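Open the model in your viewer and switch to a cartoon view. Keep the selection tool at hand.

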Amino acid sequence: MGNELRNIVDRCKAGFPCGIVSCCTADELVIEACLQQALRLNDTVLIEATANQVNQFGGYTGKRPADFRDFVFRIADTVGFPGERLILGGDHLGPLVWQSEPEAAAMEKAEELVREFALAGFTKIHLDTSMRLGDDDRSLPLSDEDIARRGARLYRVCEEAFKQLASGNPDSKRPVYIIGSEVPIPGGAQEVEETVEVTDPLALERTLTAYSGVFASEGLADAFDNIIGVVVQPGVEFGDADVFCYNRCRARALTAAAKKLPGIVLEGHSTDYQSAAALREMVEDGIAILKVGPALTFGLRESLFALSYIENELVPEKRRARFVETLEDVMLKNPGNWSRHYHGNERQLLLKRRFSFSDRCRYYFALPEIKACIEKLFSNLDSEDIPMSLLRQFMPMQYYKVRDGVLPLKARELAKDGVTEMLEDYNYATHRHYILRRY
């Protein structure tokens, strides 16, 4: 199904705007919601894992690429989603996780990282070598040539790994590649900014020129046959409580330049929390791959909080799962995934842990105590008759769907619908005749 991405590029270049949402998540409930939504639309799903989430050492999910592949396909089997309509991608693959190490060590680990992703059958690979490494001069920006040289090195490893994979499985789909990185580290901005600078078209040109030169010098001149996209910054970003919205006028020079590129579209990161109209404008302007991550788990977290508030009204205190309180306790006992990202006084930190758009609480959802708490919450509510009036009070969007018979009054389905609501805006953006349903 890797060819579906090529088809999208071909249609865009033929003047028919289209796109695909890239769901960058490792959360089981979120993936389940994404697949079920696509099943209703007879659609293709692109699920991506970052180098932070999944790598040869397990990442923060504890999964290597083959483990993540099996995890996603198991969920697909559970919901009845056809595997041939599922695309797996690797995001920010490169020395990101090891950037404090010298180039020799960091790139050796990056090579093993991309090799495992390619051998596991991932068919969309973002080669990201944009970060300085331990022995790079910190006083100088990393040159386009160094970025391209390191990227070409990883491209070669991926291609060799694919040949190895295809030798044992001739039906394996050839991966396509994304290059470039004009965005902050995965997960959104860490500090409040006044504005977000749009990628200069000259910077885009320099990136492609550098890669073209390096590929040619290393005997990889045909690499651009497999490179379908470039990551740029179209002026969208989010932080703890702020969202920088897409402004097509500010991005016009960039998108106009990109439309002239043969066989290449733009990939936009950090599109989380953009409006449906803005996302559609991005697709119309040639930003055909819309990456979303924290917004999906934010939608799930919203629903879980709402279900917890319903539980407080229905379930005796001694039997409650106390999801909101349990999540807070676990985050305080294990601050590593939020303490460097959230700043302020105690009240501000509390609000950020619970409600930040950056959604650092997503790093805790796979922990055994949180998973057990969620299952207890679902069990408690499913043992009760949730009054429709109470559902409307805390989950008004889901109330309408339950009322109209399109959503079961089951806690797990109510939780996943928070993700579905986030995906609605992307459906509108990537499907030309999609009618956005908002009650």
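This tour goes from the central sheet to a helix across it, then to a surface patch and a single glutamate.

**Stop 1: the barrel**

You are looking at a predicted model. Select the strands β1, β2, β3, β4, β5, β6, β9 and β10. Taken in that order, the eight strands make a closed barrel, and their pairing is parallel. Compare the directions of neighbours. On average, neighbouring strands of this sheet are turned by 25° against each other, direction ignored. What holds such strands side by side? Strands of a sheet pair through backbone hydrogen bonds, either parallel or antiparallel.

**Stop 2: β3 and β4**

Now select residues 86-93, which are strand β3, and residues 124-127, which are strand β4. Three bridges link the two in the parallel sense. Zoom in on glycine 90. Which residue in β4 stands opposite glycine 90? The answer is isoleucine 125.

**Stop 3: a helix across the strands**

Keep β3 on screen. Add helix α3, residues 65-79, and strand β2, residues 45-50. Helix α3 lies across β2 and β3. Relative to β3, the helix runs at about 145°.

**Stop 4: β6, β9 and β10**

Go round to strand β6, residues 227-232, and strand β9, residues 265-268. How many bridges pair β6 with β9? There are four, in the parallel sense. Pick valine 230, whose bridge partner in β9 is leucine 266.

Next, add strand β10, residues 287-292. Strands β9 and β10 run parallel, joined by three bridges. Click on glutamate 267 and look across to β10: isoleucine 289 stands opposite.

**Stop 5: a nonpolar patch**

Turn on the surface. Select Tyr309, Leu351 and Phe355, which form a nonpolar patch there. Together they have about 250 Å² of accessible area. Stay with phenylalanine 355, which lies in helix α11, residues 346-355. Phenylalanine 355 counts as partly exposed because its relative accessible area is 37%, a value between the cut-offs of 20% and 50%.

**Stop 6: glutamate 103**

Last, select helix α4, residues 103-119, and find glutamate 103 in it. Is glutamate 103 buried or exposed? Its relative accessible area is 17%, so glutamate 103 is buried; the cut-off is under 20%.

Show what surrounds this side chain. Leaving aside neighbours within four places in sequence, glutamate 103 is in contact with Glu108, Leu133, Asp135, Arg149, Arg150 and Arg153. Finally, draw a line from glutamate 103 to glutamate 325. The two are 222 residues apart in sequence and 43 Å apart in space, C-alpha to C-alpha.

How values were computed:
Residues are numbered from 1 along each chain as its sequence is written. This is a predicted model: local features need pLDDT of at least 70, side-chain atom pairs count only at pLDDT 80 or more; totals for chains, interfaces and linings use all residues. Side-chain values use heavy atoms; hydrogens and water are left out. Two strands pair if DSSP finds at least two bridges between them. Axes are lines fitted to C-alpha atoms, for helices over the stretch in contact, and angles run from 0 to 180 degrees between N-to-C directions. Contact means heavy atoms within 4.5 Å. Patches are made of residues with over 30% relative accessible area and no salt bridge: like charges are joined within 9 Å, nonpolar side chains (Val, Leu, Ile, Met, Phe, Trp, Tyr) within 5 Å. Accessible areas come from the Shrake-Rupley method with a 1.4 Å probe; for residues, only the protein chains shown count as cover. A salt bridge is a side-chain nitrogen of Lys or Arg within 4 Å of a carboxyl oxygen of Asp or Glu. Buried means under 20% relative accessible area, exposed over 50%, partly exposed in between (1.4 Å probe, protein chains only).
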